[in-house]
Amino acid sequence: MICFPNLFGDCRTIGRRAMRLLGLLQRRTRAASGVRVPSIQVSARIGLDRSQGVRENTLMRRPALVLGALSVSWICPAQAEVSFAEQVQPLLRQHCVICHGEALQQNGLRLDGSEAAMRGGNSGPAIEPGNAAGSLLFKRLQGSEGLQQMPPGRSLAPAEIETFRAWIDAGAEWEARSETSDGTADPGHWAFRPVRRPPVPAVVGTHWVRNPIDSFVLARLEREGIAPSPQASDQVLARRVFLDTTGLPPDPGQVVTTADYDALVDRLLESEHFGERWASAWLDQVRYADSDGYEKDSVRPHAWRYRHWVIDAINSDMPFDRFTRDQIAGDLVPGGTTEERVATGFYRNTLKNREGGVNVEEFRFEEALDRTNTVGTVWLGLSVECARCHDHKYDPITQKDYYRLFSFFNALDEIDIDAPLPGEIGPFLRSKPHFDRKLEDIYARYDVPRLMGPWTEKMLWASENPGVEHEWDTTWDILALYLDDGQRILRTPPSERDWREDLALTEWFLRNYSRVTSKEDYEATGFKDAVKEVHTLIDGFPDVSRARAIQPYAGGRQSHVHPDGKWDETAEEVASATPAVLPSIESSGAEPDRLDLARWLVSRENPLTARVTVNRIWQEYFGTGLVATSDNFGLRGEAPSHPELLDWLAAEFIDSGWRMKHVHRLIATSATYRQSSVPRDDLRDRDPSNRLLARQVRLRLPAETLRDSALAVSGLLDPKVGGPSVRPYQPEGVTDLSYGSSVKWSESAGSDRYRRGVYIHFQRSTPYPFLANFDLQERNVAECSRGRSNTPLQALNLLNDPVFFEMAQGLAFRVLAEMPSQSFDRRLDRAFSLCLARGPSESERGTMLDYFVRQRALLEQDEESARAWFPFETEGIPERSDPTVAAGWVGISRILLNMDEFITRE
Amino acid sequence: MNFETYRSVLTRRSFLDRCAAGIGTIGLAQLMAADGLTVATPTAPEGAGRPHFAPRAKNLIFLFMAGAPSQMDLFDPKPGLRRWHGEPLPPSMTSDLKLAFIKPTAKVLASPREFSRCGQSGMEISDYLPNLQRQADDICMIRSMQTDQVNHHPGQSMLMSGSPLAGRPTMGAWLTYGLGSESQSLPGFVVLSSGRGASGGSSNFSSGFLPSTFAGVPFRGSGDPILYLSNPSGVSRESQRLTLETLRRLNDEKLRDSGDAEVASRMANYELAFRMQSAAPELLDFSDESKSTRDSYGIGQEPTNAYGTNCLMARRMVERGVRVVMLIHASWDDHTNLDEGLKKNCDITDKPAAALVADLKQRGMLDETLVVWGGEFGRTSLGQLKHVGDKVGRDHHPNGFSMWLAGGGTKGGHVVGSTDELALKAVENPVHVHDLQATILHLMGLDHERLTYRHMGRDFRLTDVSGRIVDDILA
């Protein structure tokens with residue numbers, strides 16, 4: 001069997017890909033010659049056998065020939081490469097260690113660690129490296145030589161037994177995952193080794209090198225005998241770096257020359273729009289949304305305050321260690337500020353299930369797990385959640401490790417806090433007394449205290465006497481679900497309640513009194529009107545901004561291992577700790593707390609955080625990370641394409657004082673980044689995925705950047721930074737599929753409709769369609785890299801969405817208004833320059849002119865439509881009497897906003 | 001386009017990863033056509049979009065009855081409850097119940113419904129479903145369904161994605177990922193709604209971590225059937241055509257200069273979008289359906305018009321190659337006033353659903369179309385009184401409930417499994433939702449253990465770590 005360097009991913013992927021290729025080749029061949037290529041079985045086998053590898057490029061070059069060669073190669077005995085971690089260990093764990101592991105050692109044999117396994121059991125050595133046929137383990141799996149077949153009663157599949165054969169024949173390497181008897185693991189996996197700053201390699205082409213990134217990239221290219229690509233044109237580079245850093249297109253006429261490029265990067269990194277663009281990438285990871293998720297999917301009116309904090313933090317280049325500390329433990333910082341507590345809104349992004357009838361404790365548990373998983377993915381790049389039910393199948397994380405980590409997040413209380421922005425406190429204090437008087441007045445007029453007192457008493461009684469009066473049981477139960485902390489507030493004597501708590505409970509009482517009274521009696525109270533009055537009062541009150549935060553749960557909470565991950569089953573007690581395979585955590589007290597955890601995450605010894613973070617920055621600039629699996633640095637993740645570069649960047653990140661902008665600057669000013677993105681014929685075979693970085697790549701813009709670009713060039717963009725979420729236009733009926741069609745979307749007024757995409761209200765159950773169409777996921781779990789799909793729904797969206805049509809109108813208006821008495825050519829230059837940072841080619845000019853003439857001709861017969869295309873008045877345009885001219889410019893603008901080049905950063 | 005460009009399409013991972021849907025197929029077909037190659041009508045793309053073995057069903061229509069219909073009032077007669085009616089059950093009998101709202105001391109509610117033995121098979125079906133009664137010999141009734149979840153969102157998520165937690169791909173997404181689509185002008189996975197959203201919202205048809213190409217596309221009840229399907233106001237079809245033609249010329253230039261196959265794919269998608277603009281309205285135009293067909297679905301009559309329209313649309317979509325159609329009807333969540341609520345929902349859905357099965361059968365399509373009817377769990381045999389003065393309802397019940405399947409290689413006129421005489425739990429041949437999922441995939445030619453997608457280092461599947469094929473369902 002042919003085995004090739006694993007340049008393209010694992011064998012299985014190649015197999016799958018080869019299968020598709022073969023299928024297509026068959027079709028091509030069929031179509032061309034009418035002859036059927038009899039190779040379906042071959043292609044099917046490629047797809048199914050994960051241990052086989054096929055080099056696809058060879059295949060492509062000589063289709064017929066290689067198909068033949070492939071068939072032949074199949075007949076040869078296979079010497080497939082077997083990955084211990086990926087293939088053998090999972091089988092051992094799944095089928096063997098239950099009887100031959102820590103708990104039980106049937107016949108004296110243990111198969112959960114290298115040392116013991118090689119030693120064997122009562123029948124002697126089980127594994128003879130290099131000789132499967134002679135190994136007892138293999139014979140047992142086969143059931144040969146009259147031995148009882150293992151595992152008893154459910155033997156492995158033949159392919160699985162073959163995996164063992166191949167592994168033993170190849171030397172039975174236990175790889176780096178050797179586990180010793182006490183369960184600790186040797187951190188041999190590259191990502192678990194400490195970050196060491198590697199020396200910058202020497203290269204021949206020193207003139208190309210702009211900073212050490214380039215030395216690492218070039219050293220590899222020189223080894224491969226590949227030259228880097230030339231620098232992109234000034235226009236392409238300008239548009240690229242603007243879009244990548246700020247998410248907005250360059251100002252028209254912005255000329256970038258090599259001489260002032262570095263200064264431009266500096267300026268862009270200082271732009272307040274930088275934080276908006278890069279907040280999106282962070283918000284994906286921490287699954288930010290403006291609603292709870294699950295059935296009720298209630299709106300979170302204060303969620304934006306956390307987003308505001310993220311944008312601020314990124315803009316001010318808050319060091320990543322502090323960025324980490326504030327989010328993980330801002331509430332524990334001695335003498336902490338409001339902003340530090342706002343940062344703990346990180347935890348509040350978890351979904352909340354307020355569905356009637358849910359068990360509150362079950363979902364509190366789920367929230368704590370979700371927070372554990374998110375920290376694992378975001379900071380460590382590890383799928384720790386795999387260890388919820390059992391030890392991780394691939395990574396050295398035990399179930400106990402998992403619940404130790406979970407323990408950090410198991411005793412959090414959710415709390416909403418006042419988080420005023422500058423200028424808010426004065427009006428608040430001035431209006432508060434008036435607000436209080438008005439509220440008292442409403443309560444008095446509707447006789448609220450008289451009914452609420454006994455209701456409170458009865459609720460407390462019901463809480464202690466469940467099962468007697470069902471409607472009271474239900475009301476008590478849902479109080480906990482619908483109103484955060486509702487039961488605690490109700491138990492607190494009214495005089496001791498915070499004014500907000502009292503208001504929240506009273507408002508809830510007014511709306512829910514109907515649950516325990518007849519319809520007629522409820523009507524008689526007039527509470528429906530009272531609720532309206534209260535809401536009107538609240539809406540008119542200049543309240544301060546609020547934030548969703550957390551604080552330690554006062555009671556503390558003992559954590560346990562939960563067998564099979566079940567919330568209501570507990571096994572041994574565990575204390576907060578970090579995974580044993582990673583460097584140990586230093587504790588400031590008896591048991592480490594979240595502050596210690598935060599320090600540990602960003603300690604120099606932690607091998608993951610810096611690597612994971614620089615890799616995610618890198619992937620936004622190159623489409624793919626140095627580690628392609630940016631969500632997984634575990635054993636199943638892909639190895640880095642440039643390990644030394646990754647480590648150098650990580651070290652540089654740490655040594656710079658965890659300055660994110662320092663990393664951005666290094667990347668954006670490198671020669672590597674500045675290369676042309678035009679695919680090269682000489683690389684198609686050698687490096688189809690551009691892992692060697694001999695060029696840049698063309699990338700479809702992320703959803704927000706696409707919207708923001710179109711808004712910017714159309715002149716509609718409101719560039720205001722920060723603040724609450726906005727709801728731009730969306731067609732009616734989008735929210736119909738929310739639970740009971742209960743989600744309301746009231747369109748924002750004025751220029752708020754034209755704010756940047758990062759501010760669009762994110763309703764989990766019915767996301768804004770444009771964002772969903774362009775791959776913004778539902779923000780239910782941490783998302784480390786966005787997809788870049790290419791679908792017909794996107795085409796419909798950009799062509800027909802009234803929002804985009806309005807942008808086309810805006811762009812036409814802008815071009816006409818800015819160039820009132822200019823020729824078609826000059827206007828077209830302007831439109832191209834706004835959208836693409838370049839002028840049109842001659843053939844593009846011809847195409848657009850052809851369109852303009854024909855479109856006007858179509859509209860000439862239909863003046864009403866022409867006016868619908870361009871419903872504005874523009875002063876000073878000579879052709880204003882002919883509506884088809886302006887309409888034609890709307891048409892051109894619409895085409896420009898749909899051009900592949902506009903949607904793409906090159 | 002030259003072969004080099006075409007080839008680079010194939011070698012680009014991001015493209016291939018998304019290639020399993022019909023969209024990918026069409027993109028390739030377009031590229032091949034642009035290359036001067038004639039291709040047969042593309043079916044599933046090679047490789048990803050290919051069944052593991054010969055499928056029994058090519059298409060799935062999932063009549064999703066969100067909110068949990070009451071099995072003992074519709075499908076699973078329990079005369080044994082009469083003896084206990086109005087009484088609480090002894091604590092020993094209720095200890096295994098998972099309840100959302102009521103306490104185990106709630107009183108038993110016997111069904112007021114009458115059941116008849118129907119068809120040759122003698123399957124018992126409630127009098128609230130007179131039309132389904134006539135189709136009894138075509139349906140396979142599972143009376144022993146089980147799930148782990150007792151609340152709607154997690155329950156729906158469990159049924160659709162195999163996990164109670166949001167964020168996993170749903171069945172429709174897995175199927176289009178696994179099989180591709182046969183439609184050249186419609187999405188591979190379409191969602192229709194009666195108007196009221198289900199608890200799961202869009203997570204019922206989400207692509208989760210699969211590429212978003214595989215997400216269900218909602219067809220809307222009002223306005224554009226697909227979002228942004230119609231041209232902006234004032235833009236005629238001729239203008240749209242001209243716009244796209246111009247766009248194609250400009251993009252073609254970019255394709256030549258950049259050699260980036262993603263451009264070719266985008267061009268193909270704009271063409272597909274343009275075709276959808278005429279194909280989708282054509283779907284809604286029932287003028288080529290006979291009056292008797294329309295009448296049989298209850299179209300033009302109330303209260304069946306909306307659901308009947310969706311059911312007929314589902315058949316028309318399947319005819320046009322849409323792989324999975326999901327019809328959401330909400331809500332069956334009758335905590336109060338069960339008998340009236342049930343009647344209302346049955347009156348809306350019974351006739352259209354039965355007509356769909358009959359129509360598919362009569363057209364010879366039932367063999368290859370799998371129809372599934374059911375919700376996320378069932379309801380308790382204990383009654384629920386929620387408000388003062390309420391009429392009685394039932395609470396959530398995950399331990400034993402009913403669903404039915406028809407066509408697509410399932411056994412007609414057959415009952416699978418049973419519950420105990422008080423409807424407390426499935427006792428015979430319990431079918432967990434993971435088992436149902438495994439069986440549905442099996443019927444559609446996919447091995448649920450092999451249909452995987454790697455995410456965060458793990459190969460995920462619809463059935464998580466369990467699921468067995470229920471042989472008793474298979475014809």
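## A two-chain predicted model

Chain B holds 14 helices and 17 strands. The model is a predicted one, so please read everything below in that light. Chain A has 40 helices and six strands.

Here is how the two chains compare on a few overall values.

| Chain | Residues | Buried share | Contacts (separation of 6 or more) between residues 24 or more positions apart |
|---|---|---|---|
| Chain A | 906 residues | 49% | 66% |
| Chain B | 475 residues | 65% | 76% |

### Where the chains meet

Let us begin with the contact between the chains. Chain B contributes 89 residues to this contact and chain A contributes 99 residues. On the chain B side, the elements that give two or more residues are α1 (3-11), α2 (13-17), α7 (152-161), β6 (217-219), α9 (237-258) and α10 (261-284). Of these, α9(B) supplies the largest share, twelve residues. Sorted by class, the side of chain B that touches chain A consists of 32 nonpolar, 39 polar and 18 charged residues.

### Inside chain B: an enclosed helix

Which helix of chain B is largely enclosed by the rest of the structure? Helix α14 of chain B, residues 433-443, is largely enclosed, because eleven of its eleven residues are buried. The buried residues are B:V433, B:H434, B:D435, B:L436, B:Q437, B:A438, B:T439, B:I440, B:L441, B:H442 and B:L443. They pack against several elements of chain B, namely β1 (59-66), α7, α8 (171-179), β8 (369-374) and β15 (431-432). Helix α7 of chain B is thus worth a second look: it packs with the buried residues of α14(B), and it also gives two or more residues to the side that touches chain A. Just after α14(B) comes B:G445, which takes a positive phi of about 90°.

A second spot to visit in chain B is B:C311, in helix α12 (residues 305-319). Is this cysteine buried or exposed? B:C311 is buried, since 31 other C-beta atoms lie within 10 Å. Leaving aside residues up to four places away in sequence, B:C311 touches B:Y297, B:L327, B:P352, B:A353, B:A355 and B:L356. As for B:I299, twelve residues from B:C311 along the chain, the two C-alpha atoms are separated by 9.7 Å.

### Domains of chain A

Turning to chain A, the domain assignment gives domain 1 (11-75), domain 2 (84-178), domain 3 (190-230 + 607-697), domain 4 (319-391 + 404-419 + 550-601), domain 5 (425-544) and domain 6 (802-905). Between the C-alpha centres of domain 2 and domain 4 of chain A the distance is 38 Å.

### Two helix pairs in chain A

Two packed helices are described by the angle between their axes and the distance between the axes. Chain A offers two examples.

In one pair, helix α14 (residues 320-329) and helix α26 (residues 594-601) of chain A have axes that come within 9 Å and cross at roughly 155°. That angle makes α14(A) roughly antiparallel to α26(A). The crossing of α14(A) and α26(A) is right-handed. From α14(A), the residues A:T324, A:R325, A:I328 and A:A329 meet A:R594, A:L595, A:L597, A:A598 and A:L601 of α26(A). The residues of this contact comprise six nonpolar, one polar and two charged.

In the other pair, the axes of helix α19 (residues 425-445) and helix α25 (residues 527-539) of chain A come within 10 Å and cross at roughly 175°. This makes α19(A) roughly antiparallel to α25(A). Their contact is built from A:F435, A:K438, A:L439 and A:I442 of α19(A), together with A:A530, A:E533, A:V534 and A:L537 of α25(A). By class, the contact of α19(A) with α25(A) has six nonpolar, no polar and two charged residues.

### A buried valine in chain A

The last stop is A:V663, found in helix α29 (residues 660-669) of chain A. Why does A:V663 count as buried? A:V663 counts as buried because 23 C-beta neighbours lie inside 10 Å, and the cut-off for a buried residue is 20 or more. Apart from residues up to four places away in sequence, A:V663 touches A:V614, A:I617, A:L649 and A:F653. Further along the sequence, A:V803 is 140 residues from A:V663, and their C-alpha atoms are 36 Å apart in space.

Notes
Residues are numbered from 1 along each chain as its sequence is written. Chains are lettered from A and ligands numbered from 1 in the order in which they are written. This is a predicted model: local features need pLDDT of at least 70, side-chain atom pairs count only at pLDDT 80 or more; totals for chains, interfaces and linings use all residues. Two residues are in contact if their C-beta atoms, placed from the backbone, lie within 7 Å. Helices (H or I, at least four residues) and strands (E, at least two) are DSSP runs, numbered from the N terminus. Ala, Val, Leu, Ile, Met, Phe, Trp, Tyr, Cys and Pro count as nonpolar, Asp, Glu, Lys and Arg as charged, and the others, Gly among them, as polar. Domain bounds come from an automatic or database domain assignment. Axes are lines fitted to C-alpha atoms, for helices over the stretch in contact, and angles run from 0 to 180 degrees between N-to-C directions. Angles under 35 degrees count as roughly parallel, over 145 as roughly antiparallel, 65 to 115 as roughly perpendicular and the rest as oblique. A crossing is left-handed if the near helix is turned anticlockwise from the far one by less than a right angle, and right-handed if clockwise. A residue is buried if 20 or more other C-beta atoms lie within 10 Å of its own, exposed if 12 or fewer, and partly exposed in between; C-beta atoms are placed from the backbone.
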